[in-house]
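Q: I would like to learn how to read a structure like this one. Could you walk me through it?

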Amino acid sequence: MNTYHVLVLHGPNLNMLGMREPGHYGASTLADINTMLLELGDQLHCELTTFQSNHEGELIDRIQQCALEEPAADGIIINPGAYTHTSIAIRDALLAVRRPVIEVHLSNIHKRESFRHRSLLADIAIGVVAGFGAQSYALALRGMAHHLKQQTGA
Ligand code: DQA
């Protein structure tokens, strides 16, 4: 059974989960979410690296690094936070590293303010999961594991 390496990126303000607008984002902290993902990753034969930053450039650096480091990431799961709606630079970085990407949101961005309806990443992602709270990440990881397994014929 192959092991897949998946980079999980959390964008700005997601370090505030647990205290930040719980009506939209739930009660789980980012540490809770990462722990849940690492456990699920074990079941799915995925080794995860998690990274959070409030800075666009740091997220871009981490995306670039994931293609160069050893082991390189096979796929990227990203909740870009508000950069979803603004960042051509994150889009370009994701395109540059040529890895499958899944976009994640805790909240259903399509049910919220109109400025959240547009994503600059969704059309380059293999899939988007939104609206299931912390479970959005778990669903994304299941989707990524399935995709990588299919891709490698394992
Ligand atoms: C979010 C949705 C974004 O619009 C918002 O800016 C966030 C979180 C989500 O997970 O629902 O920071 O990405």
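**Around the ligand**

A: Happily! Arg20, Tyr25, Asn79, Gly81, Ala82, His85, His105, Leu106, Ser107, Ile109 and Arg116 surround the ligand, each with a heavy atom within 4 Å of it. This is a predicted model, in which local features need pLDDT of at least 70 and side-chain atom pairs pLDDT 80 or more, while totals for chains, interfaces and linings use all residues. Residues are numbered from 1 along each chain as its sequence is written, and side-chain values use heavy atoms, without hydrogens and water.

Q: Which residues have an N or O atom in the side chain close to an oxygen atom of the ligand, and at what distance in Å?

A: Look for polar contacts, pairs of N or O atoms within 3.5 Å. The side chain of arginine 116 has an N or O atom 2.9 Å from a ligand oxygen, and for arginine 20 the distance is 3.0 Å. Alanine 82 takes part through a polar backbone atom, 3.2 Å from an oxygen of the ligand. The protein buries 99% of the 320 Å² that the ligand exposes when taken alone (Shrake-Rupley method, 1.4 Å probe).

Q: How many disulfides does the whole structure have?

A: A disulfide is a pair of cysteine sulfur atoms within 2.5 Å. The search finds zero, and the sulfur of cysteine 46 is too far for a bond because the closest cysteine sulfur, in cysteine 66, is 14 Å away.

Q: Is cysteine 66 buried or exposed?

A: Buried means under 20% relative accessible area, exposed over 50%, and partly exposed in between (1.4 Å probe, protein chains only). Cysteine 66 is buried at 0%, and cysteine 46 is buried too, at 4%.

Note on methods
A polar contact is a pair of N or O atoms within 3.5 Å; within protein, one must be able to donate a hydrogen and the other to accept it, and residues adjacent in sequence count only if both atoms are side-chain atoms.
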